[in-house]
Amino acid sequence: METNFSQPQRQSSIGVLVMFFDTIRHWARGLWPFLFIWIFKFNEINKVYFFLGLIAFIIIVGLVAYFKYLNFTFFLDYENEEFIINEGIFNKTRTTVQLNKIQQVNINQSLIQRIIGVYSLDVDTAGSTKKEGEIKAISHPLALELKARLLDNEKKKNSIVSENESNAITADETHPFIEISFLSLLKVGITSNYVKSLGLILAFFATMYENVNNLAQNSEFDKTKIDHYIDKSLAIQSIAIIVFMLLCSILIINLFRVIIRYFNYKISRQRGSLLLSFGLINTKSTIIKPEKVQITSVSRNYFQKKMNILELKIKQATNGEKEERKGAIEIPGCNENERDQILKLLFHKIPEKGVMLKPNFRKLVFSIFLTIVLPLIAFFSLGNYVPELLDFAYFTPLYAVFLGLIHYFGFRNYRLFIHDDFIIKQSGAWDIANEIIEPMKIQAITTSQLFWHKSADIGYLTLHTAGGNLAFQLGDFTIIKQYVNRWLYEIETSDSNWM
């Protein structure tokens, strides 16, 4: 039996508990100094007043949660094609979201919501940095039904899809067509995000070192005695142990992050849209319209290639770089066959690489000069005034070789492929990514050329989309301008509904 969303609906009655804990969470941000005082001076305060105040606080929070639940309603205005949310206790708020502007609908479940047995549903458009509408307590069947109504892609197809075809589609939607296995998540965990995990670990150890150093300076002990007992061979062994522990920590952190975040990852079709569900502690269910997708990135490194896995990242319309990073939808651990299935659903065919543009060699030279030559000149120049720095000079060849290899492989993989229906940018030294966009989804195009690049006929190209920018540096400027004119014509004549 279908729910009549044209009538105002309330959240699940058990959702009062969600409102209760959510109110406590918001109030705790402003009351945490008083909580610390109560904790550290618990023995000094009057216990009777303390417990009476605590009971009064719980009663007030309970009343606020109840009135939040009572005044919160949502419904669909089919005549005006709008999703409307009414909320507020004293200040009433009415949020209206146009159905054709909805970019993404997420169904999430935090640990508290899982214990209570409800889900939250939030609606996102491209016009704001926050969620336009959020329902904090709703049953899972009702959430799925509302989500399907908000992102109904079948309206355009009703006139051409037969009854038998519709039944076939419905039957296909009952089961996920892709499930990311636990083994695939393990492979992703040990082959990705080294830099991010290393940064977290180094930040932790740097903080610990600073605190220990401050403690040592304020303590009364002779440092020379400690240095007397430190053997050089022991120091080398300690460094080796630290490096080994660092590598193990990176792998462990990656494994836990990937498994907790992407556990039980399933991908299904729902009324022409893509339904993603995943999560171990906080479960998340996201549905997206393929025509709303702006940039699709496919990336893998050497180890992932040998293990036959890769990672996909889908970007929809966002409002700024911060929202772009947060709003990107990641699909880890796919194999090549699963990648093709997803790309076919998003683009109705597998993207092809067309004409290839290569960057000028000056890109490599400039990168080496900026990140290797200049830092080394600064290091040795500063070493003339601070001789202690030159004790680390034996690290400079390793630094130069390491960055040189990164820039070389990055330059060799840096390409722009132009097809009639797709633009694909390939980049990366270790993790090689292919970012795919469709020309009709370009919002604006920027080209530039420095005066000393005119003789070499090279320049810069930036394609602006609602999901982020795609830039290509120091390519053949004559060819770039030819394609820019073509893309501008396609943008002006396209009637695609990507917003």
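Q: Two strands count as paired if DSSP finds at least two bridges between them; which residue in E13 is the bridge partner of Leu-312?
A: Helices (H or I, at least four residues) and strands (E, at least two) are DSSP runs, numbered from the N terminus. Strands E12 and E13 (residues 329–334) run antiparallel and are joined by four bridges. In E13, Leu-312 is matched with Ile-331.

Q: What kind of model is this?
A: Residues are numbered from 1 along each chain as its sequence is written, and side-chain values use heavy atoms, with hydrogens and water left out. Local features need pLDDT of at least 70, side-chain atom pairs count only at pLDDT 80 or more, and totals for chains, interfaces and linings use all residues, this being a predicted model.

Q: Which residue in E12 stands opposite Ile-295?
A: Strand E11 (residues 295–300) pairs with E12 in the antiparallel sense, over five bridges. In that pairing, Ile-295 faces Lys-315.

Q: How many of the six residues of strand E12 are buried?
A: Buried means under 20% relative accessible area, exposed over 50%, and partly exposed in between (1.4 Å probe, protein chains only). Strand E12 (residues 310–315) is largely enclosed by the rest of the structure, because the buried residues number five.

Q: Which helix gives the largest share of the largest nonpolar core?
A: A nonpolar core is a set of buried Ala, Val, Leu, Ile, Met, Phe, Trp, Tyr and Cys residues joined through side-chain atoms within 4.5 Å. The largest one has 31 residues, and Tyr-265, Ile-314 and Ile-342 are among those with the most contacts inside it. Elements that each supply at least two of its residues include H6, strand E8 (265–270), strand E9 (273–278), E12, E13 and helix H12 (336–347). The largest share is five residues, from H12.

Q: Which residues is Leu-276 in contact with, leaving aside its neighbours within four places in sequence?
A: Contact means heavy atoms within 4.5 Å. Leu-276 is listed with the residues that have the most contacts inside the largest core. Its partners are Tyr-265, Lys-266, Ile-267, Lys-284, Ser-285, Thr-286, Ile-329 and Ile-331.

Q: Which residue does Leu-150 have at a C-alpha separation of 7.8 Å?
A: Leu-150 is found in helix H4 (residues 140–150), and its relative accessible area of 1% makes it buried. Not counting residues up to four places away in sequence, Leu-150 touches Leu-76, Phe-83, Leu-99, Ile-102, Val-105, Leu-121, Val-123 and Lys-289. The C-alpha separation of 7.8 Å, across 67 residues of chain, is to Phe-83.

Q: Is Phe-256 buried or exposed?
A: Phe-256 lies in helix H9 and belongs to a nonpolar surface patch, along with residues including Leu-111, Phe-182 and Ile-281, that has about 850 Å² of accessible area together. Patches are made of residues with over 30% relative accessible area and no salt bridge, with like charges joined within 9 Å and nonpolar side chains (Val, Leu, Ile, Met, Phe, Trp, Tyr) within 5 Å; areas come from the Shrake-Rupley method with a 1.4 Å probe, and for residues only the protein chains shown count as cover. H9 gives the most to this patch, with three residues. At a relative accessible area of 55%, Phe-256 is exposed.

Q: How far apart are the closest N and O atoms of Arg-25 and Asp-22?
A: These two residues form a salt bridge, meaning a side-chain nitrogen of Lys or Arg within 4 Å of a carboxyl oxygen of Asp or Glu. Both lie in helix H1 (residues 15–40), three residues apart, or about one turn of the helix. Arg-25 is partly exposed at 40% relative accessibility, whereas Asp-22 is buried at 11%. The closest N and O atoms of the pair are separated by 2.6 Å.

Q: How many residues apart are Arg-300 and Glu-336?
A: Their salt bridge has its closest N and O atoms 3.1 Å apart. Arg-300 counts as buried at 16% relative accessibility, while Glu-336, at 36%, counts as partly exposed. The pair links distant parts of the chain, strand E11 and helix H12, with a separation in residues of 36.

Q: Which residue meets the side chain of Lys-349 in a salt bridge?
A: Lys-349 is partly exposed, with a relative accessible area of 37%. Its partner, also partly exposed, has 33% relative accessibility. The N to O distance is 2.5 Å, and the partner is Asp-421.

Notes
Two strands pair if DSSP finds at least two bridges between them.
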